[in-house]
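Let's take a walk through this structure together, one side chain at a time. Keep the model open beside the text and turn it as we go.

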Amino acid sequence: TQLAIANIIRSISTIFFVIVSSFSTTTGSLVSNLAGAGERNQIMPLCRKIIRLGYLLGIPLIVIALLFPHVVMGIYTPDRQLVQLAFWPFVVMLSNYILSLPAHVFCNAVSGTGATRAAFIYQCITIAIYLIYLSCINRIGEIPLAVYWTSEHLYVLLLFLFSWESFPTHSSFIIENFYRSFKSKTGCKKKQKTARKKNFHLSPDSHHCSAYDKCAFARSLIT
């Protein structure tokens, strides 16, 4: 009976895992583009937007599944008693989506910034703790299946905490990035003033100025 319930719950959880996997994989690609464009301060807003979209898609499905559990689980089995026994594991599985989405989004965001080794280590640590937790529960004895499913909560919670701690867009990083940008623009403006006074052209290959600043400087020399 427990094995049959576990198979039903696992099959239903695949639907939500596909949603989480799709959004998190997309996050990795978009974060890589932002990092390559030098816009790392936009990574956190991007992740928040993706998480909101994931909730907008997943939460209505969770509500429908909670309101009509017999209909959803009835797709896999006509046994009403089996459906009743599977209700609480079903609820625990659905609640895992709330934390699973941001955990996988942030983990893929870390990978997208180039810290693939850190993301790999986090995955290994969380899997090890996940297996130890299941082993400890198994040794206790007769434990409800819903308790076993809390291991999924532990997994995504640890993944979320590890990914959040190494996330490269905390306030300190944003302040540092803003300071560097401000310093670069200030140095470029000084070079422009010096060039105009001495009546010579600033090299277009100068790495101190952005493309926008170079265009503005060229326009200023023409006028």
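How many aromatic pairs does a search of the whole structure find? The model is a predicted one, and the search through it turns up 7 aromatic pairs. A word on how to read them: a pair of aromatic rings is described by the distance of the centres and the angle of the planes.

Start with Phe-16 and Tyr-97. Their ring centres are 5.8 Å apart and their planes stand at 65 degrees; the cut-off for edge-to-face is over 60 degrees, so this pair is edge-to-face. Phe-16 belongs to helix H1, while Tyr-97 belongs to helix H5 (residues 87-112), so the pair ties together parts that are 81 residues apart in sequence. Both partners are hidden from the surface: Phe-16 is buried, and Tyr-97 is buried too.

Now turn to Phe-160 and Trp-164, which make an aromatic pair of the stacked kind, with 6.3 Å from centre to centre and 15 degrees between the planes. Stacked is the right word here because the planes are under 30 degrees apart. These two residues sit 4 residues apart in helix H7, which means that about one helical turn separates them. Trp-164 has a relative accessibility of 31%, so it counts as partly exposed. The pair also has company, as Phe-106 joins Phe-160 and Trp-164 in one aromatic cluster.

From rings we can move on to charges. Side chains of opposite charge can pair when their charged atoms come close. How many salt bridges does a search of the whole structure find? The search gives 1 salt bridge. Its partners are Arg-10 and Glu-152, whose closest N and O atoms are 3.6 Å apart. Arg-10 lies in helix H1 and Glu-152 in helix H7 (residues 145-165), so this salt bridge ties together parts that are 142 residues apart in sequence. Is Glu-152 buried or exposed? With a relative accessible area of 16%, Glu-152 is buried, whereas Arg-10 is partly exposed at 43%.

Let's stay with helix H1, which covers residues 2-36, and look at Ser-24. This serine is buried, since its relative accessible area is 4% and the limit for buried is under 20%. Where do its polar atoms go? The side chain of Ser-24 reaches the backbone oxygen of Val-20 at 2.9 Å, and a polar atom of that side chain also lies 3.0 Å from the backbone oxygen of Ser-21. Which residues is Ser-24 in contact with, leaving aside its neighbours within four places in sequence? They are His-104, Val-105 and Asn-108.

Another serine of helix H1 is Ser-11. Its relative accessible area is 31%, so Ser-11 is partly exposed. Try a C-alpha to C-alpha distance from here to Tyr-76: the two residues are 8.7 Å apart in space, with their positions 65 residues apart in sequence.

Our last stop is the cysteines. A disulfide is a covalent bond between the sulfur atoms of two cysteines. How many disulfides does the structure hold? The count is 0 disulfides. Two cysteines are still worth finding in your viewer. Cys-47 has a relative accessible area of 0%, so it is buried. Cys-124 has a relative accessible area of 38%, so it is partly exposed.

Conventions. Residues numbered from 1 in each chain as written. Predicted model: local features only at pLDDT ≥ 70, side-chain atom pairs only at ≥ 80, totals over all residues. Heavy atoms only, no water. Buried < 20%, exposed > 50% of the residue type's maximum accessible area, 1.4 Å probe, protein only. Polar contact = N/O pair within 3.5 Å; in protein donor to acceptor, adjacent residues only side chain to side chain. Contact = heavy atoms within 4.5 Å. Salt bridge = Lys/Arg side-chain N within 4 Å of Asp/Glu carboxyl O. Phe/Tyr/Trp six-rings, centres within 6.5 Å; stacked < 30°, edge-to-face > 60°. Disulfide = S-S within 2.5 Å.
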